[in-house]
Amino acid sequence: MAMLDIITAPDPRLKKKAQPVDRVDAATAKLMTDMLETMYAAPGVGLAAPQVGVLKRIIVVDAAGEGADPKPMKMANPEVIWASEETKLHEEGCLSLPEEYEPVERPDKIKVRYVDENNELRTIEADGLLAVVIQHEMDHLEGTLFVDHISTLKRNMILRRLTKAKKLEKGNKRHALESA
Ligand code: NI
């Protein structure tokens with residue numbers, strides 16, 4: 001198992017479209033396991049491969065919630081094959097946009113087809129938090145962040161804050177090196 005570095009916005013790598021996985025082989029299955037470990041450690045409820053610098057259509061999700069038995073899901077090439085007309089607003093956050101939360105409107109229920117860690121095709125129905133997380137992670141595969149669903153004004157505010165935080169972090173690292 002290995003911990004992976006999570007890319008934070010703004011970063012051009014988070015705006016790219018991910019490529020389909022040909023076959024879920026041992027290397028892909030290992031990446032899925034590493035992504036899940038990284039997600040749990042963060043802690044988070046979902047993670048997409050582009051967030052760890054891999055432009056492949058892979059996501060991992062566990063929306064079971066605190067105190068419940070873990071329900072890890074590893075998905076390659078996920079596709080929404082049905083979505084309810086009914087939508088819901090849900091406050092979203094993202095490991096690539098630390099400490100930022102905004103309500104996003106999405107279909108309440110979805111049906112998703114994907115390839116699991118054993119290279120088997122599966123279909124599931126999801127609602128509630130699970131549906132939110134799957135849709136949020138699938139967005140990452142298109143280079144879309146949750147802030148792309150909110151007003152330009154709010155998005156720019158959040159991105160400005162994140163840019164500032166990044167500069168500060170870089171400055172702190174340089175300081176640490178100079179005084180080392
Ligand atoms: Ni995210």
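The following exchange concerns a predicted model with a nickel ion.

Biologist: Which protein atoms are the donors of the nickel ion?

Modeller: In sequence the donor residues follow the spacing C-x41-H-x3-H. They lie 2.1 to 2.2 Å from the ion. The donors are Cys94 (SG), His136 (NE2) and His140 (NE2).

Biologist: Why are His136 and His140 separated by about one helical turn?

Modeller: Both histidines are buried. They belong to helix H2, which spans residues 128-140. The separation of about one helical turn arises because, within H2, His136 and His140 are 4 residues apart.

Biologist: Which element supplies the largest share of the largest nonpolar core?

Modeller: This core has 17 residues, and those with the most contacts inside it are Ile59, Met75, Ile124 and Ile134. At least two residues each come from strands S2 (58-61), S3 (73-83), S6 (109-115) and S7 (121-127), and from H2. The largest share, 4 residues, is that of H2.

Biologist: How many residues has the other core, which lies apart from this one?

Modeller: Its members include Met35, Met39, Ala49 and Val115. Among the contacts of Met75, leaving aside neighbours within four places in sequence, is Val115. The size of this other core is 14 residues.

Biologist: Lys74 is buried; how far away is the nearest side chain of opposite charge?

Modeller: Lys74 lies in strand S3, and its side chain makes a polar contact of 3.3 Å with that of Thr33. A salt bridge requires a separation within 4 Å, and Lys74 has none. The nearest side chain of opposite charge is that of Glu117, at 4.7 Å.

How values were computed: Residues are numbered from 1 along each chain as its sequence is written. This is a predicted model: local features need pLDDT of at least 70, side-chain atom pairs count only at pLDDT 80 or more; totals for chains, interfaces and linings use all residues. Side-chain values use heavy atoms; hydrogens and water are left out. Donors are N, O and S atoms within 2.8 Å of the metal (3.2 Å for Na, K and Ca); water is not among the atoms, so sites may look incomplete. Buried means under 20% relative accessible area, exposed over 50%, partly exposed in between (1.4 Å probe, protein chains only). A nonpolar core is a set of buried Ala, Val, Leu, Ile, Met, Phe, Trp, Tyr and Cys residues joined through side-chain atoms within 4.5 Å. Contact means heavy atoms within 4.5 Å. Lys and Arg count as positive and Asp and Glu as negative; His and the chain ends are not counted. A polar contact is a pair of N or O atoms within 3.5 Å; within protein, one must be able to donate a hydrogen and the other to accept it, and residues adjacent in sequence count only if both atoms are side-chain atoms.
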